[in-house]
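Trainee: Could you walk me through this one? I'd like to work from the coordinates and ask as I go.

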Amino acid sequence: MVASSSGQTPVARRLHAYIDEAGVRSHSRASSDHFVMSAVIVDDADATTAQEFLATLRKELGRQPGDTLHWVNLKKHEERVHAAKRLGSQEWATISNVIVCKRHLGGGLDEKQAYLYTLRYLLERLSWFARDSSAVLTYTLAHIVRMQLAHLRQYEAALQGQPTQIAWSALDPKGGKMDQPKRIEMLQCADLAASAAFAAFNPDRFGNTEPRYVLELLDRMYRRGSGASSLTSYGMKMHPWNPNTKAAYPWVAAL
């Protein structure tokens with residue numbers, strides 16, 4: 001809690017999480033092997049600094065003021081490294097990812113269910129971070145095709161009626177929002193974070209992955225405690241995380 005400007009009733013610290021995804025949600029032979037959902041958490045007090053970062057990054061990448069930064073439009077390796085490194089150096093940012101390793105999961109979830117189940121994992125982590133920061137967190141999702149705000153409200157209500165680990169008191173009771181990166185520019189940071197993580201796990205057409213992008217973000221990833229799971233349970237939640245996936249991703253287990 002922080003004091004109000006009038007010096008009277010304390011005002012809760014406010015955080016905002018900007019969420020985007022990378023990969024295909026469906027679980028088919030033709031779909032991506034991984035699905036990633038990432039959040040970049042920003043304290044409301046740092047909003048201006050975060051906006052200044054994006055303005056500077058656009059200039060460094062040769063974009064025009066106000067241009068929407070999308071990872072897919074950063075065609076060169078050096079541009080992607082630079083974007084990841086610059087985001088990874090921003091002390092105002094905290095990043096949490098959920099990495100779904102679909103080939104190690106059983107079937108049974110349709111596209112919408114898979115998306116919402118991943119969101120549940122992410123909301124747990126966002127709520128823990130806010131609770132431990134004595135803050136209230138609001139979140140905004142990059143608008144998803146075939147996902148309506150009404151579906152999000154229904155899912156939030158369903159989750160509140162289930163035994164989850166979400167610390168609801170640390171989340172804004174109004175629920176999440178949905179918007180576009182061109183309107184809410186901090187969603188562009190979430191796009192960079194999600195795409196960097198996706199490139200580290202999902203092979204390109206030649207069978208190669210590029211872990212460097214996500215490693216550049218490592219210092220900004222949410223950790224809780226100092227144990228072996230402080231990263232893979234919080235800043236880079238792996239799903240599932242079992243002997244098979246630990247063997248498949250030895251570089252993650254070594255972080």
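What follows is a chat about helices, charged pairs, buried polar groups and a few backbone details in this predicted model.

Trainee: Let's start with H1. What span should its 14 residues have at 1.5 Å a residue?

Mentor: Run the rise per residue along the helix and compare it with the two end C-alpha atoms. Those end atoms sit 20 Å apart in H1, which agrees with the expected span of 20 Å.

Trainee: And how wide is the arc that holds the buried residues of H1?

Mentor: The buried set is Ala50, Phe53, Leu54, Leu57 and Arg58. On the other side of H1, Thr48 and Lys59 are exposed. Looking down the axis, the buried residues line one face of the helix, because they fall within an arc of 135°.

Trainee: Arg58 stands out in that list. Which residue forms a salt bridge with Arg58?

Mentor: Start with the setting: Arg58 has 4% relative accessibility, so it counts as buried. The partner is partly exposed at 24% relative accessibility. The closest N and O atoms of the pair are 2.8 Å apart, and the partner of Arg58 is Glu185.

Trainee: How many residues apart in sequence are the parts that this pair ties together?

Mentor: Arg58 belongs to helix H1 (residues 47–60), while Glu185 is in the loop between strand S5 (177–179) and H5. The salt bridge therefore ties together parts whose separation in sequence is 127 residues.

Trainee: How many salt bridges does the structure hold?

Mentor: Side chains of opposite charge can pair when their charged atoms come close. Besides Glu185 with Arg58, the pairs include Glu216 with Arg212, whose closest N and O atoms are 3.2 Å apart. Both members of that second pair are partly exposed, Glu216 at 21% and Arg212 at 36%. For the whole structure, the count is 13.

Trainee: Which residues join into one network through salt bridges that share partners?

Mentor: One link is the bridge between Glu124 and Arg120, at 3.8 Å from N to O. Those two are four residues apart in helix H3 (residues 111–132), so about one helical turn separates them. Glu124 and Arg120 are both buried. The network built from shared partners is Arg120, Glu124 and Arg125.

Trainee: Now a charged residue without a bridge: how far is Asp191 from the nearest side chain of opposite charge?

Mentor: Asp191 is part of helix H5 (residues 187–201), and it is buried with no salt bridge. Its side chain does reach the backbone nitrogen of Trp71, at 2.8 Å. The cut-off for a salt bridge is 4 Å, and the nearest side chain of opposite charge, Arg80, is away from Asp191 by 8.8 Å.

Trainee: What about His34: is it buried or exposed, and which side chain does it contact at 2.7 Å?

Mentor: His34 lies in strand S2 (residues 34–43) and counts as buried because its relative accessibility is 4%. Its side chain has a polar contact with the side chain of Asn202 at 2.8 Å. The 2.7 Å contact is with the side chain of Tyr249.

Trainee: How many disulfides does a search of the whole structure find?

Mentor: A disulfide is a covalent bond between the sulfur atoms of two cysteines. Cys101 counts as buried because its relative accessibility is 0%, and Cys189 counts as buried at 0% too. The number of disulfides found in the search is zero.

Trainee: Back to helices. Within what arc do the buried residues of H4 fall?

Mentor: H4 (residues 149–160) reaches 17 Å between its first and last C-alpha, close to the expected 16 Å. Its buried residues are Leu152, Tyr155, Glu156 and Leu159. They line one face of the helix, since seen down the axis they fall within an arc of 100°.

Trainee: Last, the backbone. Which residue other than glycine has a phi near 50°, and which peptide bond is cis?

Mentor: Most residues other than glycine have a negative phi, and most peptide bonds are trans. The positive phi is in the loop between H3 and strand S4 (135–142), and belongs to Ser134. For the cis bond, look at the loop between strand S6 (236–239) and helix H8 (243–248), the place of Pro240. With omega near -5°, the cis bond runs from His239 to Pro240.

Definitions and conventions: Residues are numbered from 1 along each chain as its sequence is written. This is a predicted model: local features need pLDDT of at least 70, side-chain atom pairs count only at pLDDT 80 or more; totals for chains, interfaces and linings use all residues. Side-chain values use heavy atoms; hydrogens and water are left out. The expected span of a helix is 1.5 Å times one less than its number of residues. Buried means under 20% relative accessible area, exposed over 50%, partly exposed in between (1.4 Å probe, protein chains only). The arc is that of the directions from the helix axis to the C-beta atoms. A disulfide is a pair of cysteine sulfur atoms within 2.5 Å. Lys and Arg count as positive and Asp and Glu as negative; His and the chain ends are not counted. A polar contact is a pair of N or O atoms within 3.5 Å; within protein, one must be able to donate a hydrogen and the other to accept it, and residues adjacent in sequence count only if both atoms are side-chain atoms.
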